[in-house]
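Okay, everyone, thanks for coming. Let's put the structure up on the screen and walk through it together.

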Amino acid sequence: MSANLKTTLKTNLNMEFLEIAPLMFVLALIAGLIDAIAGGGGLITVPALLWAGLPPVAALATNKAQAVWGSFAATAHFVRQGTIDLRCSTLLVICTFIGSALGALLVQYLGSELLARLVPLLLIAFALYFLFSPRVSDLDSQQRIGLPAFALTIGFGVGFYDGFFGPGTGTFFAMGFVALLGFGMRRATAHAKLLNFTSNLAALLFFLLGGHVVWSLALIMAGGQLTGGWLGAHLVLRHGAGLVRPVLVVASLAISLKLLLRG
C-alpha cells in the first residue's frame, strides 16, 4: 500500500470507523462463531471490510489481522480438550504455512482494479458452493490418502487459497479431513481450526511486511473474533453446522450483489 493511500485511509476513514465500531465488532463475533463451527466466517467479514471503504488488498489483510484471533481461540480450546493430535500435525502445519505465505505474496502483486472485480465474484461462487454442496457430516469417512499426500495437496492448496483470498477455508479443511483422512466431525473441525490458524498467521505476517493492515478496524474486530471463536468451539458438539449455511449464503450473496451493482 502506498504512503498516499495510507494517509488517505487514515484521514478519511478513522472517524467513520468510530461510528461503525459496534457493528464491526458484532459482525466479527458472528464470523468467529460461524468459523469455529463450520468455517466460512470470511464470507461475512471480507464484504464488511469492503463496505467500510477499504481497498481489496487492505480488506484481505485486515481480515487476516482480525480472523487470526478467532481461529486462535478455537484452536486453543481444542488443544486443551485433547482433540488435536499435535504430533501428527507438524507436516500439515508446515505445508499450510508455506502455501498461505505464497498466496499472500501473490495477491499483493495483483492490481486493485482486478481484485475489485474478482472479490465479489468469488464470494458469489463460494456462496453457491455452500448452498449446493453436501453437508460435511454426510461425506464418506473412509481414508483415501496418506498424511503426507494430504499435507502436500489439501494443506498446501487450501493454505494458498487462504493467503490469496480466504472465505470458506475452515470448511474446505474440514471437508478434506472427513473425505480424505476419514476423520469424524469433531476431529475434523478441531484439526481444521489448527490449519486455519496457521494459514491466517502466515498470511498476516506477509501482509504486515507490505503494510496493508488497517489496525484501527482490525483491533476492534479482534475482540469480536476472540469471543466468537471461543463460543463456537464450545458449541461444535452441541449444534453443528446445519443452521449456519443459510446465514452464509444469504449474507454473502446479498452483499456481493450490492458490491457488483455499485461497481
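So, surface first: the protein exposes about 11,600 Å², and 70% of that is supplied by carbon and sulfur atoms. Keep in mind that this is a predicted model, so please hear every number today as something computed from that prediction.

How much of the protein counts as buried? Of its 263 residues, 51% do.

Now the overall build. There are ten helices and zero strands. If you start at the N terminus and read off the elements, you just say "alpha" over and over: α-α-α-α-α-α-α-α-α-α. And how do the contacts spread along the sequence? Take the contacts with a separation of 6 or more: 85% of them are between residues 24 or more positions apart.

Back to the outside for a moment. There's a nonpolar patch on the surface, formed by Ile94, Ile98, Leu102, Leu105, Tyr109 and Phe156. Together those residues have about 580 Å² of accessible area. Which helix gives the most to the patch? That's helix α4, residues 90–107, with four residues. Let's pick one patch member, Leu102, which sits in helix α4. Leu102 counts as partly exposed, because its relative accessibility is 40%, and partly exposed runs between 20% and 50%.

Next, cysteines. How many disulfides does a search of the whole structure find? Zero. Two cysteines to click on are Cys88 and Cys95. Cys88 is partly exposed, at 42% relative accessibility, whereas Cys95 is buried, with a relative accessible area of 9%.

Let's go to helix α3, residues 56–80, and find Asn63 there. Buried or exposed? Asn63 counts as buried, because its relative accessibility is 4%, and buried means under 20%. So who is around it? Setting aside the neighbours within four places in sequence, Asn63 is in contact with Thr45, Val46 and Leu49.

Last topic: aromatic rings. One bit of background: a pair of aromatic rings is described by how far apart the centres are and by the angle of the planes. Searching the whole structure turns up six aromatic pairs. One of them is Phe72 with Phe197, a tilted pair, 5.8 Å centre to centre with 50° between the planes. Why is that pair worth a look? Phe72 lies in helix α3 and Phe197 in helix α8, residues 185–210, so the pair ties together parts that are 125 residues apart in sequence. As for its cover, Phe72 is partly exposed, with 40% relative accessible area.

Another tilted pair is Phe150 with Phe177: here the rings are 4.9 Å centre to centre, and the planes are 40° apart. Phe150 lies in helix α6, residues 147–164, and Phe177 in helix α7, residues 169–181, so this pair ties together parts 27 residues apart in sequence. Are these two rings' residues buried or exposed? Phe150 is buried, at 0% relative accessible area, and Phe177 is buried too, at 1% relative accessibility. And there's a third ring to add: ring pairs link Phe150, Phe177 and Phe183 into a cluster.

So, to wrap up, two things to carry away: ten helices and zero strands, and a nonpolar patch to which helix α4 gives the most. Okay, that's me done, so over to you.

Key: Residues are numbered from 1 along each chain as its sequence is written. This is a predicted model: local features need pLDDT of at least 70, side-chain atom pairs count only at pLDDT 80 or more; totals for chains, interfaces and linings use all residues. Side-chain values use heavy atoms; hydrogens and water are left out. Patches are made of residues with over 30% relative accessible area and no salt bridge: like charges are joined within 9 Å, nonpolar side chains (Val, Leu, Ile, Met, Phe, Trp, Tyr) within 5 Å. Accessible areas come from the Shrake-Rupley method with a 1.4 Å probe; for residues, only the protein chains shown count as cover. A salt bridge is a side-chain nitrogen of Lys or Arg within 4 Å of a carboxyl oxygen of Asp or Glu. Buried means under 20% relative accessible area, exposed over 50%, partly exposed in between (1.4 Å probe, protein chains only). A disulfide is a pair of cysteine sulfur atoms within 2.5 Å. Contact means heavy atoms within 4.5 Å. Rings of Phe, Tyr and Trp (its six-membered ring) pair if their centres lie within 6.5 Å; planes under 30 degrees apart count as stacked, over 60 as edge-to-face and the rest as tilted.
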